[in-house]
Amino acid sequence: MLVKFGGGVIGASGSMAGNVFSHNRFGRYIRARTKPVNPRSSRQSAARSVMQRLAEYWRLSTMSDAERAAWETYAAAINWQNALSETIHLTGFQMFIRTNARRLACGATIIEAGPTTLSLPGADPTLAIAGSEASGELSVTFDNTQDWANETGSYLAIYQGRPQSPTRNFFGGPYRYAGVIAGVTGTPPTSPQVVTAPYTLIKGQKIWTKASIVLLDGRCSDFSHAAPVSVGA
């Protein structure tokens, strides 16, 4: 649990003594803590397996101390915000896991050397994602002049949330991996591209989607959220 003190407690995020402290766009709130059901689904087991594999890989002798130090340097240069909107920094190990978990989801190999460019890839302001009931696919519109699209070994990873009622105006997740668009040196993919939706699409339902850029040098962007849309015919 994170607690921020001022003239008393002015912010809290996390759980303590059966209570969960959090906030949303309407302000801060407290609710009773409930223990989530562990479904032990195939996707959950696969995600845990990836995390375990990468944690073990970090300790292998095939990775040099110089490569681990490069991840530490990269991580120290990237600012993040925690649940209290305070600036923090991940460790090199955490950044290695973040990058390579996303790379493995894209079908790429593990990258050992930490990035030498000390910044995150920029977002794509043109990102737009629509869904079709007939095809069961997501149509992804993007800027194919961006670096990822023009580099073999870089990717745009697509994620979708479970479809919601058309009257809903907010969605906080979770999201499920949908597919990937691969960059190609010299012949970038044309826009739009389609990926198979991870959930059944029904006309009129509302969907939220997001994407992350994964570059060949090991840098992964933060998630870019496309505007929510109603599923088409």
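## Hollows and a small sheet

By class, five nonpolar, three polar and two charged residues make up the lining of the largest cavity. That's our way into this model, which is predicted, so keep that in mind as you turn it around on your screen.

Let's stay with the cavity for a moment. The structure holds one cavity of 30 Å³ or more, and the space in the largest cavity comes to about 40 Å³. Want to find it? Look for Ala-123, Asp-124, Leu-127 and Leu-156, then for Ala-211, Ser-212 and Ile-213, and finally for Ser-221, Asp-222 and Ser-224, which line the largest cavity. Which strand gives the most to this lining? It's β13, residues 209-214, with three residues.

Now for the pockets. The largest pocket holds about 560 Å³ of space. Its lining has 18 residues, and if you want to aim for the centre, the closest ones are Ala-47, Ala-101, Ala-105, Tyr-159 and Tyr-177. Three elements each give two or more residues to this lining: α1 (42-58), α3 (92-105) and β10 (175-182). Among the contributors, α3 gives the most, with six residues. Sort the lining by class and you get 13 nonpolar residues, five charged and no polar ones.

The second largest pocket has about 250 Å³ of space. To trace its lining, pick out Ser-41, Arg-43 and Gln-44, then Arg-162, Gln-164 and Phe-171, and then Pro-174, Tyr-175, Arg-176 and Tyr-199. Here, the elements that give two or more residues are α1 and β10. What about the mix of classes? This lining divides into four nonpolar, three polar and three charged residues.

Let's finish with a sheet. In general, the strands of a sheet pair through backbone hydrogen bonds, and they can do this in a parallel or an antiparallel way. In this structure, three strands form an open sheet in the order β7-β8-β11, and the pairing is antiparallel. Why is one side of β7 and of β11 left without a neighbour in the sheet? Both β7 (128-132) and β11 (193-196) stand at the edges and have a single partner strand each, so there's no neighbour on one side. Going from one strand to the next, the twist averages 30°.

You can zoom in on one of these pairings. β7 and β8 (residues 137-141) are joined in the antiparallel sense over five bridges. To see a bridge for yourself, start at Ala-130 and look across to β8, where its bridge partner is Ser-139.

Definitions and conventions
Residues are numbered from 1 along each chain as its sequence is written. This is a predicted model: local features need pLDDT of at least 70, side-chain atom pairs count only at pLDDT 80 or more; totals for chains, interfaces and linings use all residues. Side-chain values use heavy atoms; hydrogens and water are left out. On a 1 Å grid over the protein atoms alone, a cavity is a set of points where a 1.4 Å probe fits but cannot get out, and a pocket is an open set with protein on both sides within 12 Å along at least five of seven lines; lining residues have an atom within 4 Å of a point. Grid points are joined across faces, edges and corners, and a volume is the space filled by probe spheres set on the points. Helices (H or I, at least four residues) and strands (E, at least two) are DSSP runs, numbered from the N terminus. Ala, Val, Leu, Ile, Met, Phe, Trp, Tyr, Cys and Pro count as nonpolar, Asp, Glu, Lys and Arg as charged, and the others, Gly among them, as polar. Two strands pair if DSSP finds at least two bridges between them. Axes are lines fitted to C-alpha atoms, for helices over the stretch in contact, and angles run from 0 to 180 degrees between N-to-C directions.
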